[in-house]
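Thank you for making the time this morning. I would like to walk you through one structure, chain by chain, and then stop at a few individual residues.

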Amino acid sequence: MATSFLDSAQSAVERSIQRSLKGLGYMASSAPVLGASAKDVVLSRGPLRLYHYHPLTDEVYRVPVLLVMATTNRGYIFDMIPGQSLVEFLLLRGYDVFMADWEAPRAEDRALGMKDYVEDFVGGSIAEVQRLSGESDVSLVGYCMGGVLSVLWAGLNHVAGPKNLAVFTTPVDFHQMTLFKSMSDQRYFDVDRLVDTLGLAPADMLLTAFDMLRPAGRVASNFQLLDNLWDDDFVKAHRMFDRWSNDMLPLAGEYFRETTKQLVWDNALMAGTMKVSGQPVELDKISAPFLHVTAEHDHIVTTAASAPLIGLIGSADKEQIVLKGGHVSLIAGPNAVNRMWPRLDTWLGAKSV
Amino acid sequence: MTDGPNLDPFGLARTWMAQWEKLVNEHGTELLAKPEAARAMQALSGAAVQLKAVNDAASGKLLAAANLPSRADFEALGARLGAIEASLARIEQALREVAPDTVPKRPAVARTRQPPSA
């Protein structure tokens with residue numbers, strides 16, 4: 001008992017000292033370098049940046065992989081630091097990896113709409129991947145709204161289609177995203193006035209909307225940092241995720257207007273009435289092997305909002321996996337390294353030859 | 001057998017914070033889901049948008065009086081530059097199609113990999 005008391009006291013004192021010392025270090029040190037895997041920018045169009053990562057193996061799978069990032073956030077969540085990078089993981093497993101990433105749209109990009117994002121940016125990226133790889137087959141892997149764009153493209157191009165379609169935490173029933181629905185209530189939210197006045201949907205407005213899904217989240221997160229300042233791994237991970245989650249992008253005005261009206265207000269994807277530049281999006285005609293990975297504790301894209309997608313996709317070979325974790329920890333961090341990435345590799349590897 | 005005394009000064013705060021976070025998140029999201037909250041939020045953001053529109057118009061007039069370019073002028077300039085960039089990209093693309101790449105390429109890797117179980 002005495003030993004236990006002394007151990008406990010010693011541990012508490014040591015942690016207090018470490019908190020103080022490392023707290024000073026935290027203030028003085030620079031942020032970790034993220035998204036540093038070697039790559040070329042092979043296509044730059046409006047806010048789109050298409051990266052081609054340098055292979056890390058002597059031979060790669062025949063079918064290249066195109067990651068499509070969510071339009072509100074930066075793609076380095078897929079490429080944090082060595083050992084915690086999905087891109088690096090896929091490269092080491094022998095994939096030829098591309099990523100459609102986003103820069104902040106500029107004022108003159110205000111008129112970019114859903115058609116531009118789906119056909120020009122996703123479609124254009126696929127065409128560039130095909131040209132550079134010399135392969136007509138491409139696997140499409142989308143995250144959140146990147147998943148929506150991927151599904152929309154596949155639903156418009158089901159004849160050519162992707163070779164494989166995998167999406168993570170992708171919403172389809174937007175009426176089940178109750179807080180977003182409430183925040184953009186058609187009776188009170190004048191999206192036309194916002195877009196016509198500002199041109200772009202401001203990043204700080206979007207960040208506030210995401211923060212409001214967990215009103216205490218930011219305070220609790222800072223407390224956790226203070227509590228764990230003695231733990232280098234925790235601090236490193238916190239800095240990476242904190243930087244990424246605050247590094248939000250504005251959205252092109254027309255794209256935001258169409259997303260709000262078609263997807264959120266009309267719930268068109270769920271209702272089967274979604275059109276892009278007048279063409280119907282036919283999810284039931286998608287025939288590519290399909291994988292949807294969702295997170296059990298996703299507070300942004302809830303299970304109710306994402307789960308119906310699998311039923312709408314026409315593919316005979318389709319699978320939904322629900323993994324432990326949240327919206328971000330599903331795709332990055334220790335949870336993803338141990339759970340999601342190996343599952344994706346197992347599913348995709350066999351279909352990439 | 002019981003655990004030793006908890007001497008961690010953060011122990012109590014940790015428990016309190018976890019309860020506070022749960023409470024605020026639960027009640028906060030409940031509150032935000034109400035139509036009244038949505039109406040109040042949108043009234044505030046609508047006012048902010050309106051204020052910005054008025055401010056933009058007033059500052060545009062001031063800048064014009066001072067013979068200085070406005071934000072709209074810079075945006076138009078940006079649009080012109082964007083159009084020039086797009087033209088350059090099209091020219092580069094056309095050149096790539098008719099001429100071999102001038103930059104040295106990395107050696108191509110064989111696309112022959114098989115899954116581990118194969």
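**Two chains, read from the smaller share of burial**

In chain B, which has 118 residues, buried residues make up 16%. Before I go on, please keep in mind that this is a predicted model, and that every value I quote is computed from it.

Staying with chain B, the secondary structure consists of three helices and zero strands, and read along the sequence it gives the pattern α-α-α. The accessible surface of this chain comes to about 9,200 Å², and 65% of that area belongs to carbon and sulfur atoms.

The helix I would like to dwell on is α2 of chain B, which runs over residues 35-65 and so contains 31 residues; at 1.5 Å a residue it should span 45 Å, and its end C-alpha atoms are indeed 45 Å apart, which agrees with that expectation. Which residues of α2(B) are buried? They are B:A37, B:A38, B:M41, B:Q42, B:G46 and B:V49. On the spacing of such positions, it helps to recall that an α-helix has 3.6 residues a turn, so residues three or four places apart point the same way. The cover over the buried residues of α2(B) includes α1 (10-32) of chain B itself, and also α5 and α6 (191-198) of chain A. After α2(B) comes B:N67, whose phi is positive, near 60°.

Further along chain B, in the segment after α3 (71-98), we find B:A110. Is B:A110 buried or partly exposed? With a relative accessibility of 38%, B:A110 counts as partly exposed, because the partly exposed class lies between 20% and 50%. Leaving aside residues up to four places away in sequence, B:A110 touches A:D58, A:E59 and A:V60, which brings me to the other chain.

Chain A has 14 helices and 12 strands, and of its 353 residues 55% count as buried. For that number of residues a compact globule would have a radius of gyration near 20 Å, and the 21 Å of chain A agrees with this. Along the principal axes, the C-alpha trace of chain A spans about 75 × 55 × 40 Å. If we take the contacts in chain A with a separation of 6 or more, 82% of them are accounted for by residues 24 or more positions apart. Chain A exposes about 13,800 Å², of which carbon and sulfur atoms supply 54%. As for charge, chain A carries 31 positive and 41 negative charges, and the mean positions of these two sets are 2 Å apart.

Let me now turn to single residues in chain A, beginning with two leucines. A:L156 is found in helix α4, residues 145-156, and is buried, with a relative accessible area of 18%; the cut-off for burial is under 20%. Which residues does A:L156 touch, not counting those up to four places away in sequence? They are A:V118, A:E119, A:V276, A:Q279, A:P280 and A:V281. The C-alpha atoms of A:L156 and A:L283 are separated by 8.2 Å, although these residues are 127 residues apart along the chain.

The second leucine, A:L213, sits in the loop between α7 (203-211) and α8 (217-227) of chain A, and at 8% relative accessibility A:L213 counts as buried. Again leaving out residues up to four places away in sequence, A:L213 touches A:L179, A:F180, A:M183, A:H299 and A:I300, together with B:T29 of chain B. A:L213 and A:I286 are 73 residues apart in sequence, and C-alpha to C-alpha they are 33 Å apart in space.

I will finish with backbone angles in chain A. A:T169 has a phi near 40°, a positive value in a residue other than glycine, and A:T169 is placed in the loop between β6 (164-168) and α5 (178-183). With a relative accessible area of 0%, A:T169 is buried. Similarly, A:N267 is not a glycine and yet has a positive phi of about 50°; the place of A:N267 is in the loop between α10 (253-265) and α11 (268-271), and at 8% relative accessibility A:N267 counts as buried.

Methods
Residues are numbered from 1 along each chain as its sequence is written. Chains are lettered from A and ligands numbered from 1 in the order in which they are written. This is a predicted model: local features need pLDDT of at least 70, side-chain atom pairs count only at pLDDT 80 or more; totals for chains, interfaces and linings use all residues. Side-chain values use heavy atoms; hydrogens and water are left out. Helices (H or I, at least four residues) and strands (E, at least two) are DSSP runs, numbered from the N terminus. Buried means under 20% relative accessible area, exposed over 50%, partly exposed in between (1.4 Å probe, protein chains only). The radius of gyration is taken over C-alpha atoms; the globule rule is 2.2 Å times the number of residues to the power 0.38. Contact means heavy atoms within 4.5 Å. Accessible areas come from the Shrake-Rupley method with a 1.4 Å probe; for residues, only the protein chains shown count as cover. Lys and Arg count as positive and Asp and Glu as negative; His and the chain ends are not counted. The place of a charge is taken as NZ of Lys, CZ of Arg, CG of Asp or CD of Glu. The expected span of a helix is 1.5 Å times one less than its number of residues.
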